[in-house]
Amino acid sequence: MQIKNLEFRFNLSGIHFRHCQYEDIAQVIYCNRATLPENYSRYTFLSMLRTYPDLFYVAVDEKEDKIVAYIMNKIDTGYPFLRKDKVIITKGHVFSIGVLKKYRKRGIASALLALAFKAMMKRNVEEIFLEVRVSNTPAIRLYEKFRMKIVHEIPHYYADGENAYVMAVNVTDTIDIVNAIVDFLHAHNKVIDNLSGDINA
Ligand code: COA
């Protein structure tokens, strides 16, 4: 299924999205280890969940009751990537995203990114950014679809010596895409609201 005027294709039958819960952490760690060389301690996942529960989403295969993808994000402050003036701004930081191989190319990462971008926008971020391996073409293409641009290259960023691109977008440049995808997901009952408290309102 494609959203009108948007180059995103979705095949999300049997998949839903919700916020990560404490009980999900073991499966999220499994997804991370199965999809990425950047693995974090259980403490890191738990502390991301505790600090940014509204920014941590999972995708669930309903039939198998299994987590098949995750995204976790944080909030940073610092100089903007996309404008010259040296003022401190609030930025959303995509910390880690992974989709199990069997579930790729169905729009799951696009859906997770849209939900996460929307949640970061609710925290009034001005820019959203991330680091990505310079060789990771699938991920770079995905981020470009959200109008993210390469703004910087960090030499030897990864443990094996590979460089990272920093990609960033101003929220005003991506909000139409994010809203279209989030509206589409809600219209198809793909999002379960399982986070209590004001932050999810
Ligand atoms: N080659 C080229 N472009 C690709 C791609 C591939 N293998 N996979 C995704 N894309 C791009 C395409 O533009 C795609 O749109 P299209 O299907 O209309 O061509 C777009 O991303 C959306 O793809 P989507 O189905 O939402 O992505 P996904 O659910 O398959 O997940 C990744 C994409 C990158 C998250 C997934 O491949 C993955 O988990 N990789 C390993 C972990 C990783 O690299 N994480 C990012 C670290 S920064």
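Strands here are DSSP runs of at least two residues, numbered from the N terminus, and lining residues are those with an atom within 4 Å of a pocket grid point. With that settled, S4 gives the most to the lining of the largest pocket, with seven residues. Keep in mind throughout that this is a predicted model.

Let me stay with the pocket for a moment. The space in the largest pocket comes to about 1,100 Å³. Its lining is made up of 36 residues, and those closest to the centre are Ala109, Pro138, Ala139, Leu142 and Tyr143. Sorted by class, the lining has 19 nonpolar, seven polar and 10 charged residues. Which elements supply at least two residues each to this lining? They are S4, H3, S5 and H4.

Now the ligand. The largest pocket is where the ligand sits. Around the ligand there are 23 residues, and Arg9, Lys105, Ser110, Asn136 and Lys145 come nearest. By class, this shell divides into 10 nonpolar, five polar and eight charged residues.

On secondary structure, at least two shell residues come from each of strand S4, residues 89–99, helix H3, residues 108–122, strand S5, residues 127–133, and helix H4, residues 137–145. Which element gives the most to the shell around the ligand? That is H4, with six residues. For the lining of the largest pocket, as I said at the start, the element that gives the most is S4.

Next, some individual distances, beginning with the backbone. A polar backbone atom of Val99 is 2.9 Å from an oxygen atom of the ligand. For Ala109, a polar backbone atom is 3.0 Å from a ligand oxygen. Ala109 also appeared among the residues closest to the centre of the pocket.

Asn136 makes its approach through the side chain: a polar atom there lies 2.7 Å from an oxygen of the ligand. How much of the ligand's area does the protein bury? Taken alone, the ligand exposes 920 Å², and the protein buries 81% of that.

To recap, the ligand sits in the largest pocket, with H4 giving the most to the ligand shell and S4 giving the most to the pocket lining. That is what I have for today.

Note on methods:
Residues numbered from 1 in each chain as written. Predicted model: local features only at pLDDT ≥ 70, side-chain atom pairs only at ≥ 80, totals over all residues. Heavy atoms only, no water. Near = heavy atom within 4 Å. Polar contact = N/O pair within 3.5 Å; in protein donor to acceptor, adjacent residues only side chain to side chain. Areas by Shrake-Rupley, 256 points an atom, 1.4 Å probe, with all protein chains shown as cover. 1 Å grid on protein atoms, 1.4 Å probe; cavity = no way out; pocket = protein on both sides within 12 Å on 5 of 7 lines; lining within 4 Å. Sits in = over half its atoms within 2 Å of the grid points. Helix = DSSP H or I, 4+ residues; strand = E, 2+ residues; numbered from the N terminus. Nonpolar A, V, L, I, M, F, W, Y, C, P; charged D, E, K, R; others polar. Points joined across faces, edges and corners; volume = space filled by probe spheres on them.
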